[in-house]
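Good morning. I will take you through one model today, starting with how far to trust it. Please have a look at it first.

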Amino acid sequence: MPLTDAEIRAFSPQNQRFRRSDGGGLFVDVMPSGKKVFRLAYRSGGKQRTVVIGEYPSIRLADARLNAAAFKSALRDGTDPKSVAKAEAEDTGKLSEPPAPLWETIASEYLMLRQRSGAAPRTMTKLDRQVGVTIRKLGQRPINQITAEDILAVVNPIAERGQVESAHEIRSRFSQIFRYAAARGLIDSDPAAYTIGAMVKRRRGEFAGVTDPAAIGQMMRAIHEYRERHMIVGSALLLSAYLFPRNTELRGMRWSELDWDRAMWEVPGERMKMKRDHLVPLPPLAVAVLRELREIDFGSALVFPSPRDPARMLSEMTFNAALRRMGYTQDVHVHHGFRTTASTNLNEMGWNADWIERQLAHVPTNKVRSSYNKAEYLDGRVEMMQSYADWLENLL
C-alpha cells in the first residue's frame, strides 16, 4: 500500500534503521537518530542501485514521488542520472548531498514536537512568539549555515533595547532547536552555545522575569485565575505585580504599616535590604486587594500570616511555589522577577529613571549623599505606580 504523510510523520525511530515502501521502488529509511530519508531503488547496467531522493519533511511525499518519477524517466531515456552526478562530483572532488533543511522547517518541527509533548497553552504561546523572532530573521537560511555571529545579530539588538532577559530566552530557543537538529543528525554542533560570552549578562535583580507585554498579560490572567482558588497567595502575587516589593518586604507586611487615608505603605528600615524606611504608593487596584484581605480575620498583625502560626509570616518559598504551580518555571519567572518586569517596562515607557530606582529602593548612585529621603520623588512615584498598575490590568 502507498504511504501517506501522516504515516511518515508517525514513524518513530528504533534501535536499528528500518524502511517502509511507497511502491515503484520508492521507500523511506527511518534512522535511529530520527532522520527520515526518501530513497529510490532501481536497476542500471544490470546492477541494483539506490539513490537519495531527499529528506523528509524538507521533501514531502508528493514531491518525492515526482522526483522519483523524473529519475526513472531519465533512466528510460538511457541515462543514469546518479552516474552522471557522481562523475560531475568526482570532477569537483566531492559527492553531491541533499541540501540542508531551512531553519524555518526545523524550528516549526520543534514547535510541533513541544505541542505533541503536552506543553501548556501559555508555554506554546511564548514559544511561538520567541521562535517566531528567529524565523523572521533567519527562516530562509539552511540550518547548517547559521553561525554564532548570525545568532548574536538577532539577540544583541533585543538586549540593547533593555530586554536583556528576553534576549537570553531567545538565545535559549536557538540552542534548543540546534540540539533537536543535532539529535536528528542534521548538524554536528550548537553554535548558540558559543554566544553567551558575547551577550550582555543578566543583571542582578533581573534574572528570570517576564518582560514582553503579551506574556505579562498572560501572567496577569493566570494570577487572577489562581486567586479565585487561592485567595491569600493569589492576592500576594497581584500585589507583587502592582508594587514589585522584595519577597521579605511583602511577606512581612503589617496592617499597621498601611496608611489608608494616604493610600501609602510605609516599610520600616529594619525590614528593608538597605535598612532605610521606604514608601510604597498604593494604586487603587492595590488598595482594593488589601481591603478584600482585611475582611478576612486572621487574628494576626501580619497581612500574610502563616496558616500554621498567625504570628509568623508565610514561608519564603510560598510565592515561588505558587508560580511553579501556575506553570512558570524558575528560568522563566520567579517572584523577584516582578521587579524585572516593572523595571524593564517602566524604563521603556519613558518614566523618570530616578523615580524607578527610588521605587525599587535601590541605593542612590551617589553614595556620598549625606541622607536618603524616603519620600524622594514621591509625587512622581504616586503617578507612576497608578499608571503602571492600570497598564498591567489593561494587558488582560
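I will cover confidence, then one helix, then a cavity.

This is a predicted model, so to speak: local features need pLDDT of at least 70, side-chain atom pairs count only at pLDDT 80 or more, and totals for chains, interfaces and linings use all residues. Residues are numbered from 1 along each chain as its sequence is written, and side-chain values use heavy atoms, with hydrogens and water left out.

The chain has a mean pLDDT (the predictor's confidence in each residue, from 0 to 100) of 84, and 89% of its residues reach 70 or more. Over residues 84-96 pLDDT stays under 50, and the model has 5 contacts (heavy atoms within 4.5 Å) beyond four places in sequence there.

Now helix 9, residues 231-243. Helices are DSSP runs of H or I, at least four residues, numbered from the N terminus. Its end C-alpha atoms are 18 Å apart, which agrees with the 18 Å that 13 residues should span at 1.5 Å a residue; the expected span takes one less than the number of residues. Of the 13 residues, 11 are buried (under 20% relative accessible area, 1.4 Å probe, protein chains only). Leu243 is one of them. After helix 9 comes phenylalanine 244, with a positive phi near 40°.

Leu243 and Phe244 also help line the second largest cavity, as do Arg339 and Gln359, among others. A cavity is a set of points on a 1 Å grid over the protein atoms alone where a 1.4 Å probe fits but cannot get out; lining residues have an atom within 4 Å of a point.

How values were computed
1 Å grid on protein atoms, 1.4 Å probe; cavity = no way out; pocket = protein on both sides within 12 Å on 5 of 7 lines; lining within 4 Å. Helix = DSSP H or I, 4+ residues; strand = E, 2+ residues; numbered from the N terminus. Buried < 20%, exposed > 50% of the residue type's maximum accessible area, 1.4 Å probe, protein only.
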